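Okay, thanks everyone for squeezing in. I'll keep this short and just walk through what's up on the screen.

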Amino acid sequence: VPTCSSTWTRTRRALCGRALILRRTWWCFTREIEFLEFMSLFLDALKKESGFVGGDYGVVHGESAFKDIEKDAFDDADAYSFANECAAEQHTESESEEHEARPDGGDDAYNSLLYTDKDTAFVARGNTVGVFNTADRLTFNCSIKNVEGKKRKFLKKDNQLLFLDENRKDVKFLDLEKGRVVERIGLTRDVNDVMLRDSELLGMNDNSVFVVDSRTKGIGRDNTYKTKTYFTKGSTNGTFSAIGSVKGDLRVYKDVFKRARILVSGLGDEVLGIDIGNEYVILTFKNYLILFKIEERKNSRKVVRLQLRPEHVAFLKHSVSFTAAKFNTSNTDIITSTGQYVVTWRVCDVLNGNLYAYKMREYGSEVVDDSFVGEDRVLVTLKDDLKMLNKKNIK
């Protein structure tokens with residue numbers, strides 16, 4: 001039978017052992033301040049990024065192997081700068097998987113918008129639009145200057161580049177052959193976004209979708225809702241048109257002037273970008289993406305939420321803010337960016353449940369915009385540079 005003395009001895013030894021463990025733990029933690037900061041960020045990110053409950057989007061989970069983040073190497077890149085309006089001076093040349101070009105738009109200007117069309121890329125920089133060839137290597141073609149207005153979105157129609165002005169009441173037509181704005185449509189209502197369906201330019205605002213037509217003071221045929229829908233972004237593939245809203249709702253139309261064929265309720269987060277492929281729609285929110293299969297039967301719909309791992313969010317040391325995600329030509333890959341990082345997913349990985357099987361690449365400055373060029377090449381717009389690389393080099 002144990003005595004009181006032996007019981008007290010064992011208790012004292014246990015307490016001393018625990019106190020020793022606590023002292024050692026405290027000593028380690030006080031010497032590893034960076035580790036504590038990382039854990040704080042990690043737990044904060046885990047709290048913000050975990051869970052996706054409610055709404056028609058449902059709950060989706062998935063796991064895959066951890067992917068390393070590769071830093072960009074600028075020393076091996078081909079560099080170009082604007083020497084005059086339609087010429088470029090080559091500074092360095094080396095064998096590299098990545099090409100770089102630097103547009104010129106004034107001392108205070110920086111790249112703000114990217115648009116790709118087949119083998120041509122357009123970059124807005126202040127009042128200048130830079131034109132680049134992307135057929136084989138990234139090469140500067142020319143710059144179109146004195147294009148007034150802050151550009152919100154580019155669209156290409158024949159030999160004209162259309163853009164929505166920042167004031168949301170002007171659509172301007174930039175003639176690429178003449179190098180100047182040849183038409184301006186002043187609208188009688190605000191426009192949150194525009195999209196081209198065949199040759200028809202469509203606009204949308206808080207409660208309507210309408211044709212932008214210069215013959216009728218900017219507004220042609222329209223579809224006005226009785227209650228506000230707060231449309232923000234739209235995209236079309238010719239057959240279907242997809243429109244997102246401030247509340248995160250997704251509507252898919254075959255005819256935007258009729259009732260939506262598909263309505264998916266959101267969770268209250270604003271749709272910041274939208275791209276529609278042949279079978280899928282990718283929606284961009286501030287810190288996550290939604291991949292949605294275009295399927296009218298509700299029980300057959302496939303909806304997947306994509307986001308960064310909490311440990312990656314903690315590693316970034318800034319809040320995630322995705323740029324508008326886009327598909328490549330065959331809709332097999334998705335690209336977006338946040339801060340200095342470009343992120344890509346393969347659609348097949350996502351559909352197989354590997355939601356974290358993304359690849360990341362770090363650049364030396366903030367990524368303004370990005371897009372696929374055709375099938376396998378990626379175009380990345382930084383504030384002062386434009387870079388092109390093969391998607392396999394994003395690791």
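So, let's start at one residue: threonine 323 is buried, because its relative accessible area is 15% and the cut-off for buried is under 20%. And yes, before anyone asks, this is a predicted model. Where does threonine 323 sit? It's in a loop, the one between helix H3, residues 310–316, and strand S25, residues 326–327.

Who are the neighbours? Leaving out residues up to four places away in sequence, threonine 323 touches Thr284, Thr336, Ser337, Val367, Val368 and Asp370. Take aspartate 370 from that list: its side chain and the side chain of threonine 323 are joined by a polar contact of 3.4 Å.

Now, the core. H3, the helix on one side of that loop, comes up again here. The largest nonpolar core has 23 residues. Which ones have the most contacts inside it? Those are Leu289, Leu291, Leu306, Leu308, Ile334 and Trp345. As for the elements, you get at least two residues each from strand S22 (280–284), S23, S24, H3, strand S27 (341–346) and helix H4 (347–351). The top contributor is S27, which gives three residues.

Some of those strands belong to a sheet. It's an open one with four strands, in the order S21-S22-S23-S24, and the pairing is antiparallel. At the edges, pairing on one side only, are strand S21 (273–276) and strand S24 (303–306). From one strand to the next, the twist averages 15 degrees. Zooming in, strand S23, residues 289–293, pairs with S24 over four bridges, antiparallel. If you want a spot to click on, isoleucine 290 stands opposite arginine 305 in S24.

While you're looking at strands, one reminder: in a regular strand the side chains alternate between the two faces of the sheet.

There's another open sheet of four strands, ordered S5-S6-S7-S8, again with antiparallel pairing. Here the edge strands are strand S5 (111–117) and strand S8 (139–144), and each of them pairs on one side only. The twist for this sheet averages 20 degrees from one strand to the next. S8 is joined to strand S7, residues 128–133, by five bridges. One pair to look at: phenylalanine 132 has phenylalanine 140, in S8, as its bridge partner.

Next up, a hairpin. S17 and S18 make it, with four residues between them, and in the turn glycine 238 has a positive phi of about 100 degrees. The two strands, S17 and strand S18 (residues 241–245), are antiparallel and paired over five bridges. Across that pairing, lysine 233 has glycine 244 in S18 as its bridge partner. Is S17 enclosed or open? Five of the six residues in strand S17, which covers 231–236, are buried, so the strand is largely enclosed by the rest of the structure.

Last thing, cysteines. How many disulfides does the structure hold? Zero. Two cysteines I looked at: cysteine 142 counts as buried because its relative accessibility is 19% and buried means under 20%. Cysteine 348, at 38% relative accessibility, counts as partly exposed.

That's my tour, so let's go to questions.

Definitions and conventions. Residues numbered from 1 in each chain as written. Predicted model: local features only at pLDDT ≥ 70, side-chain atom pairs only at ≥ 80, totals over all residues. Heavy atoms only, no water. Buried < 20%, exposed > 50% of the residue type's maximum accessible area, 1.4 Å probe, protein only. Polar contact = N/O pair within 3.5 Å; in protein donor to acceptor, adjacent residues only side chain to side chain. Contact = heavy atoms within 4.5 Å. Pairing = 2+ DSSP bridges. Axes fitted to C-alpha atoms, helices over the stretch in contact; angles between N-to-C directions. Disulfide = S-S within 2.5 Å. Core = buried A, V, L, I, M, F, W, Y, C linked by side-chain atoms within 4.5 Å.
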